Amino acid sequence: MPTDLLGREYTTFPAPKPLQQHGPARVIAMCNQKGGVGKTTSSINIAGALTQYGRKVLIVDFDPQGAATVGLGINANALENTVYTALFNPRMDVHDVIQHTHFENLDIMPANIDLSAAEVQLVTEVAREQVLASVLRPIKDEYDLIIIDCQPSLGLLTVNALTAADGVIIPVAAEFFALRGVALLMQSIEKVQMRINPSLEVYGVLVTMFTRTLHCDEVLQRIYEAFRDKVFHSVISRSIKLPDANVAAAPITIYSPNHKTAKEYREVARELVAKGVVA
Ligand SMILES: Nc1ncnc2c1ncn2[C@@H]1O[C@H](COP(=O)(O)OP(=O)(O)OP(=O)(O)O)[C@@H](O)[C@H]1O
Ligand SMILES: [Mg+2]
């Protein structure tokens, strides 16, 4: 029997069947307060893979750096309406914020530096943890999946993402301090579960930037000991092709569909469908 990198029995998940109709969407928060672990890259590429399987996906860029927005070829600075505008104008039609990307089935709610003011402004809002959830509610039926690309912090924006989400994917880079801080993230998730969003789940831990070294193998084992079957079978290799695709403003699954990392991200997408996380 073939096994995955962690020695678990595993071949591959089946290609998702075509959908006859779309929605309502599952909402996934891509979350880790550690910077540069692959949140944005994973948001774009899981989304890219799922759109190629005919799923309709919305990425919500929830980081003032706007990396997901730029990474999908949209000039965020030129935009009047962003996720920030939607947060603070409850009467606004969110369709006026959403941008279609060049890629079929893939839309984005863009962000730019304006969003950096939101953390402070939200503090005085009514139901401040639930603002993003109410922004997303009217459009859930139009997508199969909504991915919220979080910023590297555990502040009020991230709490809003966790409140709006059905589940969380935690990207973890395969390096020495990989798990540092994840306990804190798990505490935040638990607090949101206990106080606001009891049905919030952890869909999985995604290991990124993996190389075949003894060191990475050890880190992988430690991540497995901490999260067991929550660790996705597919592990994302470290490759320069991913920053390349980023510069080209396209998901790797479209930019270079036969590349190893494109296959790895497709496999994550298949696992999400096989486990019923995404329709
Ligand atoms: N598997 C990989 N191999 C090599 N480079 C990668 C890989 N995944 C991501 N990168 C690169 O690493 C950098 C950080 O990745 P990314 O922006 O996805 O992380 P992030 O968690 O969203 O960061 P931030 O916390 O700043 O939002 C980017 O330049 C990206 O292109
Ligand atoms: Mg990011």
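A residue counts as buried when its relative accessible area is under 20%. Keep that cut-off handy for these exercises, which all use a predicted model.

**Exercise 1. Find out how many residues of strand E7 are buried, and how E7 is joined to strand E6.**

Step 1: Strand E7 covers residues 201–208, and seven of its eight residues are buried, so the strand is mostly covered.

Step 2: Now look next door. Strand E6, residues 167–173, runs parallel to E7, and seven bridges join the two. To see one spot of this pairing, find Val 172, which stands opposite Val 207 in E7.

Step 3: Trace the chain from one strand to the other. It leaves E6, passes through helix H7 (residues 182–195) and arrives at E7, making a right-handed β-α-β crossover.

**Exercise 2. Decide whether Ala 174 is buried or exposed, and say what it touches.**

Step 1: Locate Ala 174 in the loop between E6 and H7.

Step 2: Check the number. Ala 174 has a relative accessible area of 5%, so it is buried.

Step 3: List its partners, skipping residues up to four places away in sequence. Ala 174 touches Val 207, Thr 208, Met 209, Phe 210, Cys 216 and Val 219.

Step 4: Compare sequence with space. Ala 174 and Arg 212 are 38 residues apart in sequence, while their C-alpha atoms are 10 Å apart.

**Exercise 3. Work out why Ser 237 counts as buried, and which side chain it makes a polar contact with.**

Step 1: Go to the loop between helix H8 (214–227) and helix H9 (241–247), where Ser 237 lies.

Step 2: Its relative accessibility is 9%, which is why Ser 237 counts as buried.

Step 3: Look at the side chain of Ser 237: there's a polar contact with the side chain of Lys 260, at 3.2 Å.

Step 4: Widen the view, leaving aside neighbours within four places in sequence. The residues in contact with Ser 237 include Met 209, Phe 210, Leu 242, Thr 261 and Glu 264.

**Exercise 4. Check the span of helix H1 against the expected one, then see how many of its residues are buried.**

Step 1: H1 runs over residues 39–52, 14 residues in total. From first C-alpha to last, H1 reaches 20 Å, close to the 20 Å expected at 1.5 Å a residue.

Step 2: Count the covered positions. Twelve of the 14 residues in H1 are buried, among them Lys 39, Ile 44, Ile 46 and Leu 50.

Step 3: Step just past the end of H1, and you'll meet Gly 54, with a positive phi of about 85°.

Conventions
Residues numbered from 1 in each chain as written. Chains lettered and ligands numbered in written order. Predicted model: local features only at pLDDT ≥ 70, side-chain atom pairs only at ≥ 80, totals over all residues. Heavy atoms only, no water. Helix = DSSP H or I, 4+ residues; strand = E, 2+ residues; numbered from the N terminus. Buried < 20%, exposed > 50% of the residue type's maximum accessible area, 1.4 Å probe, protein only. Polar contact = N/O pair within 3.5 Å; in protein donor to acceptor, adjacent residues only side chain to side chain. Contact = heavy atoms within 4.5 Å. Pairing = 2+ DSSP bridges. Right-handed = clockwise from strand over helix to strand, strands pointing away. Expected span 1.5 Å × (residues − 1).
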